Amino acid sequence: MKFLNLQQQLELRKAAGENRQRRIINSAQQTQTMLGTQVVVNFSSNDYLGLANSHNAKRALSSHCERYGFGSGASHMICGHQQAHENLEIALAEFIQRDAALTFTCGYMANLAIIQSLSSKNDVIIADKLNHASLIDGVQLSQAASQRYPHCDLTALETRLKKSSQNKFVVTDSVFSMDGDIAPLPDIVGLCEKYQAILIVDDAHGFGVLGTSGQGCCEYYNLNQKQLPVVMSTLGKALGGFGAFVSGEKVLIDYLMQFARSYIYTTAMPSAVAQANLANLETLKSQPFLIEKLNNNIQLFKRLCADNDITLIDSSTAIQPVLIGHNEKTMAVFQSLMEQGILVGAIRPPTVPPNSARLRVTLSAAHTEAEIFTLVQSLKNSLNLTEVNS
Ligand SMILES: *Cc1c(COP(=O)(O)O)cnc(C)c1O
């Protein structure tokens, strides 16, 4: 391994202030989280509705597991596809008003699957520059040519669409994971129709939270299956579970099942996990006020930040980034927040572009107003403190 210079690469990363650390969580995923032996209020989770530790999901998981066991034993095509998977797919498709859905082990694999299997050698894939890593990797796996356009820049997108005479795909996040902004999907749909491109949308941060009933970007913008023919949603974020699904026409789902390598050549998710996802979907359907509560929390946070002169990247979603820029300063503010019992995400390059390190605050319906007041007070203190120190 010596020729790989692993140690040197690690040291370079440390020197750039980009070294990451795992922290051990000693409690369930909830707003009051045990980090080692310290209790912190967690503002870094994607558990937007507080469903990761829901009673219904836990009960469904354990009772299903008792009867059907833990492992699924094989891939879906061999003998790993159980009734719970089937029921989950039917329920998900119905919920987001699509003809059919196919579940995947996770969103990363689902994105690899759709891009790789739908595109071919003579096609071109046109992708937003700030797309999630899994979409970028999907493009790399594909045989197609690829181009990127500046973030949400419709003029640049149109220029690329106009120039190309090949079969075209446009690939975008609905909600951008590190900025929290929402892609102008109706305009993108319009361009795709005009230039006959197929639109692929990653709704990882939209499913469960966008739209009044949480169907995601389709509901938020009222776009039908013809307009958004390929939508990927994860079950690991707002739904508080694990796994992902792609939805669309039945022929799309049949095709993915036959041709998507990251669907075919991997073990099916445990069926108890499918059953627990189903339980959380039922909760989401019966408790739409969770989404309202989340939106109230987002509004409260934004208002308090404005009152306290804390500048946020413009976002109306649960992802609320505080742009800092410098890696070391970002870590200093992060550390200071930790000392005050607040956990946020500290996001540095290469996850985000150079000099755009940020604190990524994520809000949940489970946060209390008092917790959000404390967060903003602590943020203000920490930002002031590090200003003085630097
Ligand atoms: C989290 C995320 C994924 C990956 O989903 P997993 O189910 O966690 O693998 C894909 N796309 C985006 C935009 C994400 O934020």
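How many nonpolar, polar and charged residues does the shell around the ligand have? There are four nonpolar, eight polar and three charged ones. Before I go on, please keep in mind that this is a predicted model.

Let me stay with the ligand for a moment. In total, 15 residues surround the ligand. The closest of them are G107, D202, H205, T234 and K237.

Two of those five come up again when we look at individual atoms. For G107, it is the backbone that matters here: one of its N or O atoms lies 2.7 Å from an oxygen atom of the ligand. For T234, the atom belongs to the side chain, where an N or O atom is 2.7 Å from an oxygen atom of the ligand. There is also H132, with a polar side-chain atom 3.4 Å from a nitrogen atom of the ligand.

How much of the ligand does the protein cover? Taken on its own, the ligand has 380 Å² of accessible area, and the protein covers 84% of that. As for where the shell comes from, two elements give two or more residues to it: helix α5, at 107-118, and strand β8, at 230-234. The largest share is from α5, with three residues. If you are following along in the structure, G107 is the residue where α5 begins.

Next, the pockets. The largest pocket holds about 1100 Å³ of space. Its lining is made up of 41 residues, and the ones nearest its centre are Q29, S44, S45, N46 and R360. Four elements give two or more residues to this lining, namely α2 (55-68), α12 (271-286), α14 (327-339) and β11 (342-347). Of the elements, β11 gives the most, with five residues. Sorted by class, the lining has 16 nonpolar, 17 polar and eight charged residues.

The second largest pocket has about 350 Å³ of space. Here 15 residues form the lining, and K129, L130, N131, I136 and T351 lie nearest the centre. This lining divides into eight nonpolar, four polar and three charged residues.

K129 takes us to another residue, P150. The C-alpha atoms of P150 and K129 are separated by 5.5 Å, although the two residues are 21 apart along the chain. P150 sits in the loop between β5 (145-149) and α7 (154-163). Is P150 buried, partly exposed or exposed? Its relative accessible area is 31%, so P150 counts as partly exposed.

I will finish with some backbone details. The peptide bond from P349 to P350 is cis, and its omega is near 5 degrees. P350 belongs to the loop between β11 and β12 (357-362). That is the β11 we met in the lining of the largest pocket.

Which residues other than glycine have a positive phi? One is Q196, at about 50 degrees. Q196 is placed in the loop between α8 (185-194) and β7 (197-202). With 71% relative accessibility, Q196 counts as exposed, because the cut-off for that word is over 50%.

Another is N222, whose phi is near 55 degrees. N222 lies in the loop between α9 (217-221) and β8. Strand β8 is one of the elements in the shell around the ligand. The relative accessibility of N222 is 67%, so N222 counts as exposed too.

That is the end of my tour.

How values were computed
Residues are numbered from 1 along each chain as its sequence is written. This is a predicted model: local features need pLDDT of at least 70, side-chain atom pairs count only at pLDDT 80 or more; totals for chains, interfaces and linings use all residues. Side-chain values use heavy atoms; hydrogens and water are left out. A residue is near a molecule or strand if one of its heavy atoms lies within 4 Å of it. A polar contact is a pair of N or O atoms within 3.5 Å; within protein, one must be able to donate a hydrogen and the other to accept it, and residues adjacent in sequence count only if both atoms are side-chain atoms. Accessible areas come from the Shrake-Rupley method with a 1.4 Å probe; for residues, only the protein chains shown count as cover. Ala, Val, Leu, Ile, Met, Phe, Trp, Tyr, Cys and Pro count as nonpolar, Asp, Glu, Lys and Arg as charged, and the others, Gly among them, as polar. On a 1 Å grid over the protein atoms alone, a cavity is a set of points where a 1.4 Å probe fits but cannot get out, and a pocket is an open set with protein on both sides within 12 Å along at least five of seven lines; lining residues have an atom within 4 Å of a point. Grid points are joined across faces, edges and corners, and a volume is the space filled by probe spheres set on the points. Buried means under 20% relative accessible area, exposed over 50%, partly exposed in between (1.4 Å probe, protein chains only).
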